[in-house]
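Me: I'd like to go through this structure with you and ask how each label was earned. Can you set the values against the rules as we go?

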Amino acid sequence: MKLFRADLLIDGTGNAPVEGGAMLVEGDRVLASGRAADIGTPEGAEVIDAPPGGTLMPGLVDVHVHLAYSGAANPQAFRAESATLNYPAMALRAAGYARATLAHGFTSVRDMHAPGGTIIDLATAVSEGLLEGPRIKACGLGLTVNGGHMDQPGFADHMAFRDMNGVCEGPVAFRAGVRAQLKRGADFIKLNPCVGHHGRDGRLSRMEMTREEIRAACDEAHEQGAMIGAHTSGGLPLRVAVEEGVDTVEHGHWIDDDTLALMADRGTWLVPTLAVHEICSATTLANLGIDEADKHWAREADAAKWDRLARARKAGVRLAAGSDAGFYLAHGASNGREIELFLEGGFSALEAITIATANGADLMGIEAGRLTAGRLADFLLVDGNPLTDLSVLRDIGRLRVFKSAREAVRPAASRPRNEKQ
Amino acid sequence: MKTVIMADRALDGLGGVLEKAALLIEGTRILGLARQAEMGQIDGARVVEAPPGATIMPGLIDAHVHLAYSGATGAGRMQAEAMDQSFPEVALRAAARARDSLIHGLTALRDMAAPGGAVIDLAAAIAAGDVVGPRVVACGRGLTVTGGHMDRPTPDHVAMPGARATCDGADGFRKGVRVEARRGAAFIKINSCVSSHKRTGIWWRPEMSPEEIRAACDEAHTQDMIVAAHTSGGPPLTTSVENGVDCVEHAHWIDDDCIELMAKRGTFLVPTLLVNERTFEVPLTQQGIARISDWSAAAREAKWVSLEKARGAGLRVGAGTDAGFMLPHATMFWRELTLLVDGGYSQGEAIVAATSVNADILGIEAGRLEAGRLADLVIVTGNPLTDLSVLGDASRLEVWKDGMQVAFGGRLVTPWPQEARA
């Protein structure tokens, strides 16, 4: 049995933080948490204290990452990596990214598309304890229509790829696509029903899948007990996706109040991916070579996203933190930006932390994210108080990271010198 | 920065023993080995004291492993692993096995065939710092004839794209070499001579023709790669050596004229003694077989005779376990050394096989404690010259790679490769 203590306990439930907090851990689970004075020190318990002024809080959860990709901030990098890396090499590189992600305090991540089953296999290797990393839920290949968002355009006629994209056409094919990914070991399904529309008529979003295709994919996934996450831009196609049963809406820059009410009613999650939008938009607007239609879209999305977030909050839509790390954002160092941006969006630091812990765990369907009795002991000992300064969560030198009560090894450079590892 | 490691004893990897030794390293390389009294004070050098009674020596090298496979025994287990695991999964499992090998003192491994380039990618990932592991020198897939040793039968309806490298004819093997080289292979593995289980008393038969062997060897040599061959023995083994094979594996039956030829050509021998003995120590029920084959029984005896001849002729003999097949990775390497001792070598000679000879087989600048070599080291509490089993006890080992301590007492110093490299 181990007793962890800190000047501040944030248990992830959203309740007020506890000053002079403590948590008892037995095996890989939380036994109890609360005021240190109430918990006491059971006989034989090993006591581990956070530094003075430190915080005990749940491990962070990033519900939108791409471990198969490097995060190079270059529109061409993503395509080049797909066409030049072997899948075993991609999986091994991802193992390094997973280790970095965990060291930065993220004890769980949801992977939103990777070629060749690479991250499904990584999730297996981590869960078997072969390699160190966060808990991973993976969707395998994102399902997309021919020429769609995840059927990367622009490769030459003579290029052929195996297991790189989940291209489907028609309701039957999407049903088969869902079955194929679940057979490969996917934990959930990623769809691309609704995309940003960057050209021609100035529309900001358009249908990519038909209503029937979306319904078929959702029905099949739900029949097999799997959730559906959908890349979306907004507007009518997003509403259709929600109506047909999508469980998590990713990105979703434009959402009208009716749709938000529907999402709240159905319990549909919104993952606003603020961090990737921030960098993508800035890159687009700063780049002279980029098409005016893309800049128009970026400006409109910039203008809409905060208002959308405020209305979602008011409507009671469930929110989770997903950075999209791997796409324009480096793994580990960048994931935490998403939490800071919730603060900019009008949330309190405590609310942002709840969104990035309990909410993320709920979305992923894992028994973590709250330091309450019976939960998995995924937690952080933070040197500092994130409620007064969220940026301490992005300082790897201030974090001790525990997954299933086991401490992840940090890079020595970030360890205090006097600490023996 | 310079580092001096002081130890009561140093084995230089070439058979030399130095008492009260000091090893000077800078960056990734060894600067020199001397007696502590002669080394004197090195300005600004960090001094590392090995525990009392400890021995410093080059890192161990296993010249014959299969990281893609677990080593689990049982009917169809290896085939099940080959058929159930996607190549990314193979690579990730191999990464864990490689890391465990490093913790057990193995600073380099030669991988003797894996599906789909998985271990080629692992070798690159370790070198790039994605994951921590030993140096891995990989051949990619082993080249084999249709129905040959590495093209075991599968049902008619089963296809395994990328898993195997089946070649026929001289041109087929030449292309096979080119394909593995393009994929990133560091050397070439062929299956030229196999056992014959069908007829008692015939312990070997050729699988590749002399022309096929010659074509594979010529192409590999043209591309500056050496060729290692799975062999059983007898005249087909001699044919393999005659046609250019640089390193023969297993080779239970080696004719006298072949011994002479190998000595003349400098052909390496990796006798893989442990995997042969495992047939007799793993319970038959666990192996999933009813009885031990006549071939295995005959090979068990023959290998000692061949090893005795090899030792007499001064052949360069390396140490390779075949880990991944009949035995697990990491933990059993030391036993190959004790078997070399059973075969007539001294403990010191067995260590030479596992260090400098193996480094030469792998083509890496390690395996010796001498100036200019890579600082891949093991510090073991104890004296392996009197008790080789100390090398099998990870709790006694401190492992250095590239001049950095990477493992200690059975665990990694850090899973962060960039730190180990710093």
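Reply: Sure. Let's start with touching: contact means heavy atoms within 4.5 Å. By that rule, and not counting residues up to four places away in sequence, His277(A) touches His253(A), Ala282(A), Trp297(A), Ala298(A), Ala301(A), Asp302(A) and Lys305(A). Keep in mind that this is a predicted model, where local features need pLDDT of at least 70 and side-chain atom pairs count only at pLDDT 80 or more, while totals for chains, interfaces and linings use all residues. Residues are numbered from 1 along each chain as written, chains are lettered from A and ligands numbered from 1 in the order written, and side-chain values use heavy atoms, leaving out hydrogens and water.

Me: Why is His277(A) called buried?

Reply: Buried means under 20% relative accessible area, exposed means over 50%, and partly exposed lies in between (1.4 Å probe, protein chains only). His277(A) has 5%, so buried is the right word.

Me: And what makes the pairing of His277(A) and Asp302(A) a polar contact?

Reply: The rule asks for a pair of N or O atoms within 3.5 Å; within protein, one must be able to donate a hydrogen and the other to accept it, and residues adjacent in sequence count only if both atoms are side-chain atoms. The side chains of His277(A) and Asp302(A) make theirs at 2.9 Å. As for where this histidine sits, His277(A) is in helix α9 of chain A, residues 274-286; a helix here is a DSSP run of H or I with at least four residues, a strand a run of E with at least two, both numbered from the N terminus.

Me: What makes Arg93(B) and Glu128(A) a salt bridge?

Reply: A salt bridge needs a side-chain nitrogen of Lys or Arg within 4 Å of a carboxyl oxygen of Asp or Glu. Arg93(B) and Glu128(A) meet at 2.9 Å, N to O. Across the interface of chain B and chain A, the rule finds one salt bridge, plus seven residue pairs in polar contact, both residues at pLDDT 80 or more.

Me: How much area do chain B and chain A bury between them?

Reply: About 2,100 Å², with 62% of it on carbon and sulfur atoms. Buried area is the accessible area (1.4 Å probe) that two parts lose on being put together, summed over both. In chain B, Pro88(B), Leu92(B) and Trp416(B) lose the most area to chain A, together 32% of what that side buries. The contact takes 27 residues from chain B and 31 residues from chain A.

Me: How do you know that Cys217(B) is not in a disulfide?

Reply: A disulfide is a pair of cysteine sulfur atoms within 2.5 Å. The closest cysteine sulfur to that of Cys217(B) is in Cys247(B), 12 Å away, so it's too far for a bond. Cys258(B) is in no disulfide either, with the nearest cysteine sulfur, that of Cys193(B), 9.3 Å away. Over all chains, the structure holds zero disulfides. Cys217(B) counts as buried at 1% relative accessibility, and Cys258(B) does at 0%.

Me: What makes the phi of Tyr328(A) worth a look?

Reply: Most residues other than glycine have a negative phi. Tyr328(A) isn't a glycine, yet its phi is positive, about 70°. Tyr328(A) is in the loop between β17 (318-319) and α11 (337-344) of chain A, and at 11% relative accessibility Tyr328(A) counts as buried. Ala330(B) also has a positive phi, near 80°. Ala330(B) lies in the loop between α11 (294-313) and α12 (333-342) of chain B, and its 10% relative accessible area makes Ala330(B) buried.
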